[in-house]
Amino acid sequence: MKPILDVDNLTRIHGPGCPACLDETGPEHDTNICCHCGSVVAVAGASFRLHKGEVLGIMGESGSGKSSLVKMLYFDDRPTAGRTSFYDEGTAHDLFTLNEAQQLRLRDTRMGMVYQNPSLGLNFDISAGGNIAERLLMSDELNYRVIREKATALLARTEVPPARMDELPRNFSGGMQQRVQIARALSTGAPLLFLDEVTTGLDLSVQARILDLIMELQEVTGVSMLVVTHDLGVVRHLTTRTIVMKYGRIIEAGLTDQILEDPQAAYTQQLVSSAL
Ligand SMILES: Nc1ncnc2c1ncn2[C@@H]1O[C@H](COP(=O)(O)OP(=O)(O)OP(=O)(O)O)[C@@H](O)[C@H]1O
C-alpha cells in the first residue's frame with residue numbers, strides 16, 4: 001500500500017531543551033519533563049506511516065502527545081526535529097522544509113482538520129455556508145453560484161439542514177457545529193484529514209451519529225485520516241490501525257482489533273481494561 005504520509009522521528013520539545021531531554025524522559029522515566037532543564041518533551045522520535053485511504057488512530061492518555069503530533073502535521077506548531085513527507089498528486093512534499101506560503105497552501109487545499117473545540121475550526125462570526133465558502137475561496141473557487149451549490153450539497157451531506165446555511169454556527173448545537181466543521185474540512189476534496197477528539201463532550205447518541213457520518217464519508221471519498229482520541233470506542237469504530245502514545249513516545253502500534261483484544265504494552269493493557 002502506498003503511503004500518503006511518512007512521519008520520521010518527529011520531535012517537539014517545549015522549553016530550552018538540553019542534551020539530556022530525550023534520555024531522561026519517556027515511559028521508563030514516568031515523565032515527559034526533563035529533570036535537567038525543565039523542558040516538556042511533548043513528542044519524541046515519532047515515526048509511522050499513514051497509507052492512502054487508511055484511518056489510523058492515535059490513542060493515549062491526556063498529555064501523551066497526541067494533539068502535539070497532529071498540530072505539527074497540520075502546521076499549527078513547528079517540530080523541534082524530524083521530517084515528514086506528504087505524497088499528493090504525484091509530488092512528495094517534504095513538509096517542514098516548505099516555506100510558510102507553501103505550507104498554508106497545502107493546509108488550505110489538501111489537508112483538513114476537525115478540532116474538538118469548534119471555535120478553532122470555524123469562524124463563529126460568519127454563517128455556516130460562509131465558513132465553507134471561505135475555504136473554497138482559498139482553494140481558488142471564485143464563482144459565487146458554484147460556491148453556494150457546493151456549500152449546500154456539503155451541508156446536506158453532513159446532515160446540516162441547508163435551510164440553516166445562512167445562520168451563524170455559534171447558534172448551533174455542539175453536534176451540528178462538528179458537522180459544519182466536517183463539511184468545511186471536506187469542501188476542497190482534500191485527501192488527508194486530521195480529527196482531534198471530534199466527539200469528546202457530545203451526548204452519546206450524537207457521538208454515535210457523528211462517527212457513523214465520518215465512516216460513511218470516508219468510504220465514499222477514500223480520504224485518509226489520522227484520528228486522535230482517548231476514547232477506545234472511537235478507535236474501535238473508525239480505525240483499522242492504531243498507535244498508542246505515552247509521555248510523547250509511540251509505545252505500541254498495530255491493527256486496532258489486535259491492540260484492543262491483545263494489547264502488548266502494560267500501559268495499553270491498562271487503558272483497554274479500564275475502559276471495559
Ligand atoms: N505550548 C506548550 N508549552 C508547554 N507544554 C506544552 C505545550 N503544548 C503542549 N504541551 C505539553 O505537551 C504534552 C503533550 O500535550 P498534548 O496536548 O499533545 O497531549 P494530548 O495527548 O493531546 O492530551 P489531551 O488529550 O489532554 O489534549 C503535555 O505535557 C502538555 O502539557
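1. The residues of the shell around the ligand divide into 2 nonpolar, 10 polar and 1 charged, and this is a convenient place to start reading the model, which is a predicted one. In total 13 residues surround the ligand, and the closest of them are His-14, Ala-42, Ser-62, Ser-67 and Ser-68. Helix H1 gives the most to this shell, with 3 residues, while strand E2, residues 40–51, is named together with H1 as supplying at least two residues of the shell.

2. Helix H1 deserves a second look for its surroundings as well. This helix covers residues 66–73 and is mostly covered, with 8 of its 8 residues buried; among them are Lys-66, Ser-67, Ser-68 and Leu-69. Ser-67 and Ser-68 therefore appear twice in this note, since a residue is called buried if 20 or more other C-beta atoms lie within 10 Å of its own, and these two serines are also listed with the closest residues around the ligand. After H1 comes Phe-75, whose phi is positive, near 65°.

3. On the wider setting, the UniProt record, an unreviewed entry, places the feature "domain: ABC transporter" at residues 5–272. Over residues 5–272 the chain is 37% helix and 25% strand, and the C-alpha atoms at the two ends are 27 Å apart.

4. Which strands make up the open sheet with antiparallel pairing, and in what order do they stand? There are 4 strands in this sheet, and the order is E2-E1-E4-E5. The edge strands are E2 and E5, each of which pairs on one side only. Neighbouring strands of this sheet are turned by 15° against each other on average, with direction ignored.

5. Within that sheet, the pairings can be followed residue by residue. Strand E1, residues 3–14, pairs with E4 in the antiparallel sense over 5 bridges, and the bridge partner of Asp-6 in E4 is Ser-85. Strand E4, residues 81–88, pairs in turn with strand E5, residues 91–94, in the antiparallel sense over 4 bridges. Here Ser-85 has Asp-94 as its bridge partner in E5, and Tyr-87 has Ala-92 as its partner in that strand. E4 and E5 form a hairpin with 2 residues between them, and Glu-89 in the turn has a positive phi of about 50°.

6. A further open sheet is built from 6 strands in the order E6-E7-E8-E3-E9-E10, and its pairing is mixed. Strand E6 (111–114) and strand E10 (249–255) stand at the edges with a single partner strand each, so one side of each is left without a neighbour in the sheet. The twist averages 15° from one strand to the next.

7. Inside this mixed sheet, strand E7, residues 192–196, and strand E8, residues 224–229, pair in the parallel sense over 5 bridges, and Leu-195 stands opposite Val-227 in E8. When you follow such strands in the viewer, it helps to remember that in a regular strand the side chains alternate between the two faces of the sheet. Helix H6, residues 174–186, lies across E6 and E7 and runs at about 175° to E6.

8. Is Pro-162 buried or partly exposed? Pro-162 has 14 C-beta neighbours inside 10 Å, and because a residue with 20 or more would be buried and one with 12 or fewer exposed, Pro-162 counts as partly exposed. The place of this proline is in the loop between helix H5 (144–157) and H6. Leaving aside residues up to four places away in sequence, Pro-162 touches Thr-152, Leu-155 and Ala-156. The C-alpha atoms of Pro-162 and Ser-139, which are 23 residues apart along the chain, are separated by 22 Å.

Notes:
Residues are numbered from 1 along each chain as its sequence is written. This is a predicted model: local features need pLDDT of at least 70, side-chain atom pairs count only at pLDDT 80 or more; totals for chains, interfaces and linings use all residues. UniProt positions are given in the numbering used here, feature names are shortened, and annotations may be inferred rather than shown by experiment. Two strands pair if DSSP finds at least two bridges between them. Axes are lines fitted to C-alpha atoms, for helices over the stretch in contact, and angles run from 0 to 180 degrees between N-to-C directions. Two residues are in contact if their C-beta atoms, placed from the backbone, lie within 7 Å. A residue is near a molecule or strand if its C-beta atom, placed from the backbone, lies within 6 Å of it. Ala, Val, Leu, Ile, Met, Phe, Trp, Tyr, Cys and Pro count as nonpolar, Asp, Glu, Lys and Arg as charged, and the others, Gly among them, as polar.
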